[in-house]
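Let's take a walk through this protein together, starting with its open spaces and moving on to its sheets. Keep the structure at hand as you read.

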Amino acid sequence: MRKLARWLRNLLIVVIVIVCIVVVLGIFLLVWFYADSYKDLDYFNTEFAIPGLADGVVPQGLGSYTAEDGSATFFMCCYMVDGSASRIYVVDGSSEDKYVTLKDEDGTDFAGHCGGIASDGTHVWLSSEMDIYTMDYDTLVSSATAEGGTINIGTGFVVDAADEGDGKVFNVAYLFYDAADEALYAGEFYRSGNYPTIDEHQLTTPAGDDNTAVVYKLEKDETDAKGFSSIPSCAYSTTSKIQGMAVLNGKVALSESYGLANSHIFVYDLSKANGGSKGTLDLLMADNSTVQLDLYYLDSSNLDTTYTLPSMTEGLTVSNGKVYILFESAGKKYRMYVRERMYNVLSIAL
């Protein structure tokens, strides 16, 4: 009888512990998925559905070209959750998703990370790892179909040949083409522990901020097959975890995100950055020569506004006076874990 009583008592304790764990876990999940609040979303507008989510895309870069009549064509580059060939989606207002799968120079499938994309209406530039690839705009647009066309990305170009070992290279995480200034911006991503940058890019700005990455400004050059000059005209120092960049109305917007934490859109005053303190940066070219560039700082001295958004903002682009923001949170790779799945591209006027 005593053994039965002891057994029942132990069973009751186990049941109580399990119930407590379930209750605590349930409360956590309720708070995680339903207690989020993003008041800054009120400043943003919904533009169009992110294409390809049902197919397993992992959205990365967002680019665009806006014609003189105001009609816009958007490009979204992505890698695939199953490791198949990466894609570029073309969004032009039609009702169906259109895309191309990417082929390497030798015709094999290209499954690179595809972090950034930009266009000037003649070229489409794609970045993946250290390289920037140039494709013909008309060929890409005409090749995109609902069933998926193909395009060869050709030979990549390295902006910064720096290599300090241990993964410290210049990986081009994002691209942005500024049509007003006719310049292509190529930027890197830094996160302590798993995404390093070279030591020269990790510095303390004159305002006292710890900046960790660099964006290069490349002038347009139609005499070059790439469509831009091989040597940057200058560089900008940025903070960590930057996924995208856009320039509009004298402002610079940076998309900051990593993992499940809230994202931020940092908006800087470009004139203050260009007119403020200036440093220099040595750029290592592919032929091992060194070019010294002017270095400007995007930091607290010229930070204008910060918007807090749901996790996983990615690439930015500009069209018709608005900055467009891409998210990857609704992709199959992440949607089970995030509390605010973003299925649409948003926009804001700076």
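A pocket here is an open set of grid points with protein on both sides within 12 Å along at least five of seven lines, and its lining residues have an atom within 4 Å of a point. Please keep in mind that this is a predicted model.

**The two pockets**

With that definition in hand, which residues lie nearest the centre of the second largest pocket? They are Tyr-177, Asp-178, Ala-179, Ala-180 and Val-318, out of 20 lining residues. Several strands contribute to this lining: E2 (57-66), E6 (116-119), E11, E17 (242-248) and E23 (313-319) each supply at least two residues. The largest share, four residues, comes from E2.

The largest pocket has 24 lining residues, and the closest to its centre are Gln-60, His-113, Phe-189, Tyr-195 and Gln-243. The table sets the two pockets side by side.

| Pocket | Volume | Lining by class |
|---|---|---|
| Largest pocket | About 550 Å³ | 10 nonpolar, 10 polar and four charged residues |
| Second largest pocket | About 410 Å³ | nine nonpolar, seven polar and four charged residues |

**The chain as a whole**

Stepping back, the chain holds three helices and 25 strands. It has 350 residues, and buried residues make up 47% of them. Among contacts with a separation of 6 or more, 60% are between residues 24 or more positions apart.

**A six-stranded sheet**

Strands of a sheet pair through backbone hydrogen bonds, either parallel or antiparallel. One open sheet here has six strands in the order E11-E12-E15-E16-E21-E20, and its pairing is mixed. At its edges are E11 (174-178) and E20 (278-284), each of which pairs on one side only. From one strand to the next, the twist averages 30 degrees.

Within this sheet, E12 (residues 183-187) and E15 (residues 213-219) are antiparallel partners over five bridges. If you want a landmark for that pairing, look for Leu-184, which stands opposite Leu-218 in E15.

Another useful landmark is Gly-187, which belongs to strand E12. Is Gly-187 buried or exposed? Its relative accessible area is 0%, so Gly-187 is buried. Leaving aside residues up to four places away in sequence, Gly-187 touches Phe-170, Asn-171, Val-172, Ala-173, Tyr-174, Val-214 and Val-215. Gly-187 and Ala-235 are 48 residues apart in sequence, with a C-alpha to C-alpha distance of 9.3 Å.

**A four-stranded sheet**

A second sheet to look at is also open; it has four strands in the order E17-E18-E19-E22, with antiparallel pairing. E17 and E22 (303-309) are the edge strands and have a single partner strand each, so one side of each is left without a neighbour in the sheet. Direction ignored, neighbouring strands of this sheet are turned by 15 degrees against each other on average.

E17 and E18 run antiparallel and are joined by six bridges. In that pair, Ile-242 stands opposite Glu-256 in E18.

**Two residues with positive phi**

Most residues other than glycine have a negative phi, and most peptide bonds are trans. Two residues are worth a look in that light. Asn-249, which is not a glycine, has a positive phi of about 55 degrees. You will find Asn-249 in the loop between E17 and E18 (251-256). With 58% relative accessibility, Asn-249 counts as exposed, because the cut-off for exposed is over 50%.

Cys-114 is not a glycine either, and its phi is positive at about 55 degrees. Its place is the loop between E5 (98-103) and E6. Where Asn-249 counts as exposed, Cys-114 counts as buried, at 0% relative accessibility.

**Strand E25 and its partners**

Why is strand E25 (residues 344-348) described as largely enclosed by the rest of the structure? Four of its five residues are buried, and therefore the description fits.

E25 pairs with E1 (residues 45-49) in the antiparallel sense over four bridges. E25 also runs antiparallel to E24 (residues 322-327), to which three bridges join it. Leu-346 is a handy residue to find here: Thr-46 stands opposite Leu-346 in E25, and Leu-346 is also the bridge partner of Ile-325.

Conventions: Residues numbered from 1 in each chain as written. Predicted model: local features only at pLDDT ≥ 70, side-chain atom pairs only at ≥ 80, totals over all residues. Heavy atoms only, no water. Pairing = 2+ DSSP bridges. Axes fitted to C-alpha atoms, helices over the stretch in contact; angles between N-to-C directions. 1 Å grid on protein atoms, 1.4 Å probe; cavity = no way out; pocket = protein on both sides within 12 Å on 5 of 7 lines; lining within 4 Å. Points joined across faces, edges and corners; volume = space filled by probe spheres on them. Nonpolar A, V, L, I, M, F, W, Y, C, P; charged D, E, K, R; others polar. Buried < 20%, exposed > 50% of the residue type's maximum accessible area, 1.4 Å probe, protein only. Contact = heavy atoms within 4.5 Å.
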